Amino acid sequence: MTDPLLIGPFTQLLPMTNMPLKGALKDGQLEVIENGGILVYEGKIQAIGKFGDLKSKASKIEAVTGNTVCMPGFVDAHTHICHAGSRAKDYALRNSGKSYLDIAKAGGGIWDTVTKTREASKEELIKGIVERAATHLKSGVTTLEVKSGYGLTVEEELKMLRAIKEANDQIPSDLISTCLAAHMKPKDWNGSASEYLEEISSSLFPILKSEKLTNRIDAFIEESAFSPLEIGPYFQKAKAMDFSITVHADQFTTGGSETAVSFTAVSADHLEASTQKEVALLAKSNTIAVALPGASLGLGCGFTPARRLLDAGGALAIASDHNPGSAPMGDLLTQAAILGTFEKLTNAEVLAAITYRAAKALELEDRGSLEVSKLADFISFPTANYQEITYHQGQLKPDCVWKNGIKID
Ligand code: NIG
Ligand code: FE
């Protein structure tokens, strides 16, 4: 048993509480506690408020010095950080005029990473995840979703998901895994797309449950991947087994978000190609729209219509999509801030999208805001004004990160 520990004072403390899940936000809706403190007990928040008011309840104080802005640890709700190899060659080809789809058709793209990931041992994959998660943690990301999807056989997908599970046990951040065996039809599969999906759902899904590898099933719905028609029976099976659904939707062509909404997916991610029809559909639904500006920056294409999604009443999260192909940069705050400038998002909208709204995209009720009984996952930036954080577009890094109330060195 530990004693209640008071951490602070923070010049500004942004709990990100009492804000709606859906719709546009004004900066005036951000609660800012001046000279705030957080009382931590056994990894959770026991109290939050003015530092001076909490002193009498604390057994110990962890003093914070200088100007600091504290907020919840960031949640990155969409990454592919379990992989081997680089695709710098694809990036150069794209920048010399070849399209993402041209490169994929010519044997580059996702399949190139599949080949390299299959060659890697589980231990090599774990090492890569641990290193990348450490970089994300330094940038304030305390919870990261990580997808499989570069294995594309039952055994190779299992290798990836086991690597994610083992990496999670080795690091302070929390990894939330997702099965993306429906990333593309493997080039070495002798059969139809539907037969491949049938093999995955009947052979892999039960092992995901028995080994507790993931509760989440993702699919890439796209011309180069799977059609809504092919994915229908796959998602039906996943839902019948009580998996949550998430979708790579409307990245280049529409169709994915409609499927996502019809299967009450927890999130529809990408949405760069979404039109007003898809925006309206998502806004009416309980599916969280996840913008992935890192993919727009990596591919040099347009951004998700974040402003329109919010104005229509949708719930918007922003994630890094960190992957070796379309989104190699991986810096969530940089990408969220840049999306903010192009889409005219308020600070409240950007920060909500990488905290409590992102937690909701992962169905995590215990984090994303700083309130009593939630995880003591928070970060501080060396500034007196929260507006400086997006202003520096990711160059102002957190100076401290706490995970479960423990300061990470
Ligand atoms: O989210 N769009 C499909 N999948 C990934 C890209 C993965 C890759 O190119 O390796 C994405 O952008
Ligand atoms: Fe992705």
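**Exercise 1. The cavities**

Task: In this predicted model, find how much space lies in the largest cavity and which residues are the closest to its centre.

Solution.
- Step 1. Take the volume. The largest cavity holds about 100 Å³ of space.
- Step 2. Look at its lining. There are 14 lining residues, and H80, Y100, H183, N323 and S326 are the closest to the centre.
- Step 3. Sort the lining by class. Four residues are nonpolar, eight are polar and two are charged.
- Step 4. Count the cavities. With a cut-off of 30 Å³ or more, there are two.

**Exercise 2. The second cavity**

Task: State which residues line the second largest cavity, and which elements give two or more of them.

Solution.
- Step 1. Note the volume, about 30 Å³.
- Step 2. List the lining: P72, G73, F74, V75, T142, T143, R367, G368 and D377.
- Step 3. Assign elements. Strand 6 (74-76) and strand 7 (141-147) each give two or more residues to this lining.
- Step 4. Sort by class. The lining has three nonpolar, four polar and two charged residues.

**Exercise 3. The iron site**

Task: Identify the protein donors of the iron ion (ligand 2) and describe their spacing along the chain.

Solution.
- Step 1. Name the donors. They are H78 (NE2), H80 (NE2), H248 (NE2) and D321 (OD).
- Step 2. Read the distances. These donors lie 2.1 to 2.4 Å from the iron ion.
- Step 3. Write the spacing. It is H-x1-H-x167-H-x72-D.
- Step 4. Place one pair. H248 sits in strand 10 (residues 244-249), while D321 sits in the loop between strand 13 (316-318) and helix 13 (332-343). The two are 73 residues apart, so the pair links distant parts of the chain.
- Step 5. Check burial, where the cut-off is under 20% relative accessible area. H248 has 3%, so H248 is buried. D321 has 2%, so D321 is buried.

**Exercise 4. Strand 12 and its partners**

Task: Work out which way the side chains of strand 12 point, and which strands pair with strand 12.

Solution.
- Step 1. Recall the rule. Side chains in a regular strand alternate between the two faces of the sheet.
- Step 2. Apply it to residues 288-291. I288 and V290 point one way, A289 and A291 the other way, and all are buried.
- Step 3. Find one partner. Strand 11 (residues 267-270) pairs with strand 12 in the parallel sense over three bridges. Here V290 is the bridge partner of D269.
- Step 4. Follow the chain. From strand 11 the path runs through helix 10 (residues 276-284) to strand 12, a right-handed β-α-β crossover.
- Step 5. Find another partner. Strand 13 runs parallel to strand 12, and three bridges join them. A291 has I318 in strand 13 as its bridge partner.

Methods
Residues numbered from 1 in each chain as written. Chains lettered and ligands numbered in written order. Predicted model: local features only at pLDDT ≥ 70, side-chain atom pairs only at ≥ 80, totals over all residues. Heavy atoms only, no water. Donors = N, O, S within 2.8 Å, 3.2 Å for Na, K, Ca; no water. Helix = DSSP H or I, 4+ residues; strand = E, 2+ residues; numbered from the N terminus. Buried < 20%, exposed > 50% of the residue type's maximum accessible area, 1.4 Å probe, protein only. Pairing = 2+ DSSP bridges. Right-handed = clockwise from strand over helix to strand, strands pointing away. 1 Å grid on protein atoms, 1.4 Å probe; cavity = no way out; pocket = protein on both sides within 12 Å on 5 of 7 lines; lining within 4 Å. Points joined across faces, edges and corners; volume = space filled by probe spheres on them. Nonpolar A, V, L, I, M, F, W, Y, C, P; charged D, E, K, R; others polar.
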